[in-house]
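Welcome! Here is a short briefing to help you find your way around a structure you have not met before. Take a look at the sequence and the model, then read on.

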Amino acid sequence: MNLRLPALFLFYGMIGWAYAQNDVTAAREQIEAFRVAYYTRELSLTSEEAQRFWPVYNKYADELEANRERQRDTQAQLRQAFTGGTDAEVESLLGKLMQLRQEEVAITVQYHAVFKEVLPIRKVAMLYKAETDFKRKLLEHLQERRQERLQQRRP
């Protein structure tokens, strides 16, 4: 699951180079709207639950994304150190990466407790499934769009 999200962002980022900034922004907004609708439907959120849930979930997602960005930066530094750095530098960066991964788990555990305060436990469990399913569906959709564009380019 953790490897799919960075791959999704990488793939989506590559698509972004081909489009104007407005198109990328619109696509991201469309994905976000689809995510909100998908989770709301899959979790069968009432309006009251949605009011409590979405601010918490958005903060959770922001914290995870910030952590994953730091992980990506550390991984890039590690790749550079691996080819031209010392063993001590590699060890230090690996330690930092392990710490960031532990922080990711800590964020998830922390918000799990908060989710249980704003949603019934069955809906919390459904949230984790909905996250996985959404990522899979989004990747499938992006792959289909890519295939369609490739087919349109062929004579």
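## A first look

Following the sequence from start to end, you meet the pattern α-α-α-α-α. In other words, the secondary structure consists of five helices and zero strands. Please keep in mind that this is a predicted model.

**The chain as a whole**

- Of the 155 residues in the chain, 32% are buried.
- The chain has an exposed surface of about 10,500 Å², and 55% of it is supplied by carbon and sulfur atoms.
- Among contacts with a separation of 6 or more, 70% are between residues 24 or more positions apart.

**The nonpolar cores**

- The largest nonpolar core is made of 22 residues, and Tyr 39, Phe 53, Tyr 57 and Phe 115 are the ones with the most contacts inside it.
- Which elements give two or more residues to this core? They are α2 (21-43), α3 (47-84), α4 (87-118) and α5 (121-153).
- The largest share comes from α3, which provides seven residues.
- A second, separate core has five residues, including Leu 78, Val 90, Leu 93 and Leu 97.
- Back in the largest core, Tyr 39 is one of the residues with the most contacts. Leaving out residues up to four places away in sequence, Tyr 39 touches Ser 44, Trp 54, Tyr 57, Leu 127, Ala 130, Glu 131 and Phe 134.

**How α3 meets α5**

- A pair of packed helices can be described by the angle between the axes and the distance between them.
- For α3 and α5, the packing angle is about 50° and the axes are 14 Å apart.
- The two helices, α3 and α5, are therefore oblique to each other.
- Where α3 passes α5, the crossing is right-handed.
- On the α3 side, the contact is made by Glu 49, Phe 53, Tyr 57 and Tyr 60. On the α5 side, Lys 123, Leu 127 and Glu 131 take part.

**How α4 meets α5**

- The axes of α4 and α5 cross at roughly 135° and come within 8 Å.
- That angle makes α4 oblique to α5.
- The crossing of α4 and α5 is right-handed.
- Here His 112, Phe 115 and Lys 116 of α4 meet Ile 121, Val 124, Leu 127 and Tyr 128 of α5.

**Two residues side by side in the sequence: Arg 122 and Lys 123**

- Both belong to helix α5: Arg 122 lies there, and so does Lys 123.
- Is Lys 123 buried or exposed? Lys 123 has a relative accessible area of 14%, and it is buried because that value is under 20%.
- Arg 122, with a relative accessible area of 70%, is exposed because that value is over 50%.
- Lys 123 and Leu 43 are 80 residues apart in sequence, yet their C-alpha atoms are 5.7 Å apart in space.
- For Arg 122 and Leu 43, the separation is 79 residues in sequence and 9.0 Å in space, C-alpha to C-alpha.
- Not counting neighbours within four places in sequence, Lys 123 is in contact with Leu 43, Ser 44, Leu 45, Thr 46 and Glu 49.

**Ser 44, in a loop**

- Where is Ser 44? You will find Ser 44 in the loop between α2 and α3.
- Most residues other than glycine have a negative phi.
- Ser 44 is not a glycine, although its phi is positive, at about 50°.
- With a relative accessibility of 49%, Ser 44 counts as partly exposed.
- Two residues introduced above have contacts with Ser 44: Tyr 39 touches it, and Lys 123 is in contact with it.

**Arg 35, a buried residue of α2**

- Arg 35 sits in helix α2.
- The relative accessible area of Arg 35 is 11%, so this residue is buried.
- Which residues does Arg 35 touch, not counting those up to four places away in sequence? They are Trp 54, Tyr 57, Asn 58 and Phe 134.
- Trp 54, Tyr 57 and Phe 134 may look familiar, since Tyr 39 touches them as well.

How values were computed: Residues are numbered from 1 along each chain as its sequence is written. This is a predicted model: local features need pLDDT of at least 70, side-chain atom pairs count only at pLDDT 80 or more; totals for chains, interfaces and linings use all residues. Side-chain values use heavy atoms; hydrogens and water are left out. Helices (H or I, at least four residues) and strands (E, at least two) are DSSP runs, numbered from the N terminus. Buried means under 20% relative accessible area, exposed over 50%, partly exposed in between (1.4 Å probe, protein chains only). Contact means heavy atoms within 4.5 Å. Accessible areas come from the Shrake-Rupley method with a 1.4 Å probe; for residues, only the protein chains shown count as cover. A nonpolar core is a set of buried Ala, Val, Leu, Ile, Met, Phe, Trp, Tyr and Cys residues joined through side-chain atoms within 4.5 Å. Axes are lines fitted to C-alpha atoms, for helices over the stretch in contact, and angles run from 0 to 180 degrees between N-to-C directions. Angles under 35 degrees count as roughly parallel, over 145 as roughly antiparallel, 65 to 115 as roughly perpendicular and the rest as oblique. A crossing is left-handed if the near helix is turned anticlockwise from the far one by less than a right angle, and right-handed if clockwise.
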